[in-house]
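Work through the exercises below with the sequence and the coordinates at hand. Each task is followed by a stepwise solution.

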Amino acid sequence: MNNLTKPLLTVRNLKTYFKLDEGMVKAVDGVDFDVFPGQVVGIVGESGCGKSVTIKSALRIVEKPGEIVDGEILYHPQKNADANDGPVDLVTLKAHGKKMRDIRGNEIALIPQEPMAAFSPVHTIGNQLIEAVRLHQKVNKKQAFDIAVQALHEVGMPNPERRMGAYSWELSGGLRQRAMIAMALTCNPSLLIADEPTTAIDVTTQAQVLNLLRSLQERHNMSIIFITHDLGVIAQVADFVVVMYLGRVMETGTVDDIFHNPQHPYTKALLESIPTVHSPSKELLPTIEGSIPHPFNRPAGCPFYPRCADFMAGVCDKRTPSLQKINDKQSVSCFLHHDKAEEDEAA
Amino acid sequence: MLLYVIKRLLLLPLLVIIFSMFAFFIIQAPPGDFVTSYIAELAASGSSIDQAQIDGLRSLYGLDQPIYVQYLKWMGRIITGDLGVSLDWQRPIAELIGERLLLTVLLGIFTFLFTWALAIPIGILSATKQYSFIDYFFTVVNYFGVSTPTFMTALVLMWLAFSKFGISITGLFSAEYVDAPWTYDRVVDMLKHMWLPMVILGLDGTARLARVMRANLLDELKKPYMEMARAKGMSEWRLVMKYPVRLALNPLVSTIGWYLPLIFSGSVIVATVLNLPTIGPMLLRSLTNQDMFLAGSIILIYGFLAIIGTLISDILLVWLDPRIRMEES
Ligand SMILES: Nc1ncnc2c1ncn2[C@@H]1O[C@H](COP(=O)(O)OP(=O)(O)O)[C@@H](O)[C@H]1O
Ligand SMILES: [Mg+2]
């Protein structure tokens, strides 16, 4: 919320590619954004635009054949002894190494896209929560049990002690999601990443989970990266918004700016495609012309130009606009607002 | 869980009775009976037997009675614990089986342990290092293992051992120990002979089990809980062993019960080829000679163990997988 403090997480020019036999999938192709302490950053974009790959890159859990090929992910550790040593570039750490594992789950926790399948079906919730506690805290089983129960209690799980012995498939979708959130909370992370945490559950439960996340954020003063393809949800939770399209950031700004003063043609089109902010629709983009290009044949230049209402021939299809500040809080990658291309910076 | 086991146990006698009928009628199915094949054997050696003696033999063994009477008499004796006398060997069946049981079971257990101890690590290694050199290597080896008939392997190895090294690798004992009483030296001699049949009998199963383990594990490695466990900060090896390996093993562990009848009988063909003093070859001989009570007894015990084995497998599955436990209760 406070832009004067140093960012907790800084992502710069992140590129994560999947090298397939059929060709290179540039899932994330030059992403920039910051997350400040205590801030809820919403990343929004159509399905397949690289949201999950972006945060998997930050956690260094991109699956093969995906690979971070360029960029930096600077994180300010808050917990360990070298908390004052300044930021660590997570890209330079070994993905499965001790340093990265000390950050994963401990400093940066994940609430995954599919809470249904993210728990092991043959281990109890308690077993998996206790494991999460003991991975990062030197406590005995009994203490770990208490911490886990406390976390379940905090996310509003009824009967938390008894639920420790339950299996994930014995819980309803909403409770399962709460258990997931509890697991992420057990180590008191500084940054919580929620990847479409409400996609799989019904609307009423969805609202409860969103409220829960908001209140947890305030109580723990965490930062949250909240991923969704649903602008309606963004409006309810985010302070700051990152709009993504085809692996690139189109626009960033405060939630007010994005909703009331959008600058990028893609953001405008997104906003026009939902009737009102408070009736989130499942089909997000019925009104945007054309369809998302296949990841193998990405257009040259701005990825959005083939569908863009303000397409400028000879400009947008030749050079790729870079993300530039247009005022204090808002940045846009569009030649309508500036003429700095990615190619200029590389040169 | 307990209720489930009790329910299954109550079904047991019924299954055994049905199975015993099958066994008895199938043994009876080929034309002729023990006396017919006895006559043929005598004829082959140049002697003969008159009709009165034939009828005498038939009524002595009860072969002149209708088949269901024979079956009921047989069952009646078995219920009192009497397996009867082998027509062919002219000795009590319990004794015949007992003699061979120890070696058969030992070989069966060794083979089983060998198979699992080898196949599971190979499966885990192949799956976690999919498409690596080691994975391709085991894939090729496994294909050989699965596609070569076991008796072929046995014959080839026997021939190799005999032609190259001049040693005979049949049987489970050296000549001097075959009929010797059990001593320390005899045990050592047996172990020296046992490893080869163990390897031959185990290769096929190892290859299969490793393939199944690899396939199961590959499925599990793609599951979202893997990503979650990584995101928690678990080390790669530990999480692989705790989650996907456990889930991939569940269906396999539940097949353990199926080995029970195999441990009792051993392999028929390979044991015959290798001339092993186990129960398998005895079953083959009893069938060819229409030694119906011996064959019937072996098949009955086999079937009984198969039923018990399946029960054990089902219980294991229920015990290992809470989702199934839930459904059953
Ligand atoms: N394991 C993978 N192998 C190949 N391509 C992948 C893989 N994971 C993601 N991708 C590709 O990366 C792109 C972005 O995916 P993702 O980040 O999951 O999108 P979303 O924004 O819906 O979360 C998609 O085009 C997808 O096809
Ligand atoms: Mg996603």
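**Exercise 1. Chain B as a whole**

Task: Determine what share of the contacts in chain B between residues at least 6 apart in sequence join residues at least 24 apart, then describe the secondary structure, burial and charge of this chain.

Solution.
Step 1. The share is 73%, counted over contacts in chain B between residues at least 6 apart in sequence; contact means heavy atoms within 4.5 Å. The model is predicted, so local features need pLDDT of at least 70 and side-chain atom pairs count only at pLDDT 80 or more, while totals for chains, interfaces and linings use all residues. Residues are numbered from 1 along each chain as its sequence is written, chains are lettered from A and ligands numbered from 1 in the order in which they are written, and side-chain values use heavy atoms, with hydrogens and water left out.

Step 2. Chain B has 16 helices and 0 strands (DSSP runs numbered from the N terminus: helices are H or I with at least four residues, strands are E with at least two). Along the principal axes, its C-alpha atoms fill a box of roughly 85 × 60 × 40 Å.

Step 3. Of the 329 residues in chain B, 44% are buried. Buried means under 20% relative accessible area, exposed over 50%, and partly exposed in between (1.4 Å probe, protein chains only).

Step 4. Chain B carries 24 positive and 24 negative side chains, and the centres of the two sets are 13 Å apart. Lys and Arg count as positive, Asp and Glu as negative, and His and the chain ends are not counted; each charge is placed at NZ of Lys, CZ of Arg, CG of Asp or CD of Glu.

**Exercise 2. The magnesium ion**

Task: Which atoms coordinate the magnesium ion (ligand 2)?

Solution.
Step 1. The donors are OG of S52(A) and OE1 of Q113(A), at 2.0 to 2.8 Å. Donors are N, O and S atoms within 2.8 Å of the metal (3.2 Å for Na, K and Ca); water is not among the atoms, so sites may look incomplete.

Step 2. S52(A) belongs to helix α1 (residues 51–59) of chain A, and Q113(A) to the loop between β6 (108–111) and α3 (115–118) of chain A, 61 residues apart.

Step 3. S52(A) is buried at 17% relative accessible area, whereas Q113(A) is partly exposed at 36%.

**Exercise 3. Salt bridges**

Task: How many salt bridges does the structure hold over all chains? Place some of them.

Solution.
Step 1. There are 22 over all chains, a salt bridge being a side-chain nitrogen of Lys or Arg within 4 Å of a carboxyl oxygen of Asp or Glu.

Step 2. One of them joins E46(A) to R307(A), with the closest N and O atoms 3.7 Å apart. E46(A) lies in the loop between β3 (40–44) and α1 of chain A, and R307(A) in the loop between α11 (265–272) and β11 (324–325) of chain A, so the pair ties together parts 261 residues apart in sequence. E46(A) is buried at 10%, and R307(A) is buried at 8%.

Step 3. E154(A) and R219(A) form another, at 2.8 Å between the closest N and O atoms. The pair connects helix α5 (residues 141–154) and helix α8 (residues 203–220) of chain A. E154(A) is buried at 18%, but R219(A) is exposed at 52%.

Step 4. K56(A), E63(A) and E227(B) are linked in a network of salt bridges.

**Exercise 4. D257(A)**

Task: Which side chain of opposite charge is nearest to D257(A)?

Solution.
Step 1. D257(A) lies in helix α10 (residues 255–260) of chain A.

Step 2. The nearest is K329(A), 4.2 Å away; D257(A) is buried yet has no salt bridge.
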